[in-house]
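I opened this entry to keep a record of what I looked up, residue by residue at first and then for the fold as a whole.

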Amino acid sequence: MTQDEEARVFREAWIAGVRAHFPGEPKPGYVAPWDDTPEWERRAAGAVFDQVRQFLGLSEGHAARLTREQKGRFVAICWTAQMYRHFENPKPGYVADWADLPDWQKETDADIFEAIEKTVL
C-alpha cells in the first residue's frame with residue numbers, strides 16, 4: 001500500500017466517523033473529499049496511519065486487544081504530535097487533551113485505529 005493510499009484510509013475513516021458520531025451537521029472541512037484536503041492534512045493522516053501500523057506491528061498484532069478508548073487515545077496523541085509538526089502555534093482544539101475532546105471525536109479516533117487495524121492485520 002502506498003503512503004497516499006494509507007493516508008486515504010485514515011481520511012475515509014475520519015469522514016465515516018464524523019458522519020456516524022458528529023451531532024448535527026459537521027463543518028464542510030470535516031467531511032471534505034480527498035482532493036479538497038490540504039496537503040499538510042494529507043501528510044499528517046499518512047504519518048498517523050504509519051504510527052498505528054508500526055504500533056500494531058511492534059506488538060505483533062496484540063495492540064488490537066486495546067480497548068476502544070485506548071485505541072482512540074493513541075490516534076489522538078499521534079494526531080496532536082502532527083499538529084505540532086505542521087503548525088508553530090496550532091489552534092487549541094487541534095492539540096486538546098483526550099479529556100477535553102468531544103465524544104464524537106473520541107469515537108471517530110477509535111474508528112480510525114480500527115480501520116487501520118483491519119487494513120494491516
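I began with Ala-115, which in this predicted model has a relative accessibility of 22% and therefore counts as partly exposed. The cut-off matters for this reading, because buried is kept for residues under 20% relative accessible area. Ala-115 belongs to helix H4, and when I set aside its neighbours within four places in sequence, I found it in contact with Val-9 and Ala-13. I also looked up its distance to Leu-58, a residue 57 positions away along the chain, and the two C-alpha atoms are separated by 18 Å.

I then moved to Thr-108, which also lies in helix H4, and asked myself whether Thr-108 is buried or exposed. Its relative accessibility is 0%, so I entered Thr-108 as buried. Not counting residues up to four places away in sequence, Thr-108 touches Ala-13, Trp-14, Gly-17, Val-18 and His-21. Ala-13 is thus a name that I wrote down for Thr-108 and for Ala-115.

My next entry concerns Glu-60, whose place is in the loop between H2 and H3. What I noted here is the backbone: phi of Glu-60 is near 55 degrees, a positive value in a residue other than glycine. The relative accessible area of Glu-60 is 68%, so I listed this residue as exposed.

For the packing of helices, I reminded myself that two packed helices are described by the angle between their axes and the distance between the axes. How do H3 and H4 pack? I found that helix H3, residues 68-86, and helix H4, residues 103-120, meet at an angle of about 90 degrees, with their axes 7 Å apart. The two helices are therefore roughly perpendicular to each other. From H3, the contact is made by Arg-68, Lys-71, Gly-72, Phe-74, Val-75 and Ala-76, while H4 contributes residues including Lys-106, Asp-109, Ile-112, Phe-113 and Glu-117. Sorted by class, this contact of H3 with H4 has eight charged, six nonpolar and one polar residue.

I went on to the largest nonpolar core, with the general point in mind that in soluble globular proteins nonpolar side chains tend to be buried together. The core has 26 residues, and those that touch the most other members are Phe-10, Val-48, Val-52, Val-75 and Ile-112. Two or more residues come from each of helix H1 (3-21), helix H2 (39-58), H3 and H4, and the largest share, seven residues, is that of H1. I looked further at Val-52, and apart from residues up to four places away in sequence, Val-52 touches Phe-74, Val-75, Phe-113 and Ile-116.

Last, I took down the values for the whole chain. There are four helices and zero strands, and read along the sequence the pattern is α-α-α-α. The radius of gyration is 13 Å, close to the 14 Å that the globule rule gives for 121 residues, so I recorded the chain as being as compact as a globular protein of that length. Along its principal axes, the C-alpha trace spans about 35 × 30 × 30 Å. Of the 121 residues, 43% count as buried, and among the contacts with a separation of 6 or more, 70% are accounted for by residues 24 or more positions apart.

Key
Residues are numbered from 1 along each chain as its sequence is written. This is a predicted model: local features need pLDDT of at least 70, side-chain atom pairs count only at pLDDT 80 or more; totals for chains, interfaces and linings use all residues. Side-chain values use heavy atoms; hydrogens and water are left out. Axes are lines fitted to C-alpha atoms, for helices over the stretch in contact, and angles run from 0 to 180 degrees between N-to-C directions. Angles under 35 degrees count as roughly parallel, over 145 as roughly antiparallel, 65 to 115 as roughly perpendicular and the rest as oblique. Contact means heavy atoms within 4.5 Å. Ala, Val, Leu, Ile, Met, Phe, Trp, Tyr, Cys and Pro count as nonpolar, Asp, Glu, Lys and Arg as charged, and the others, Gly among them, as polar. A nonpolar core is a set of buried Ala, Val, Leu, Ile, Met, Phe, Trp, Tyr and Cys residues joined through side-chain atoms within 4.5 Å. Buried means under 20% relative accessible area, exposed over 50%, partly exposed in between (1.4 Å probe, protein chains only). The radius of gyration is taken over C-alpha atoms; the globule rule is 2.2 Å times the number of residues to the power 0.38.
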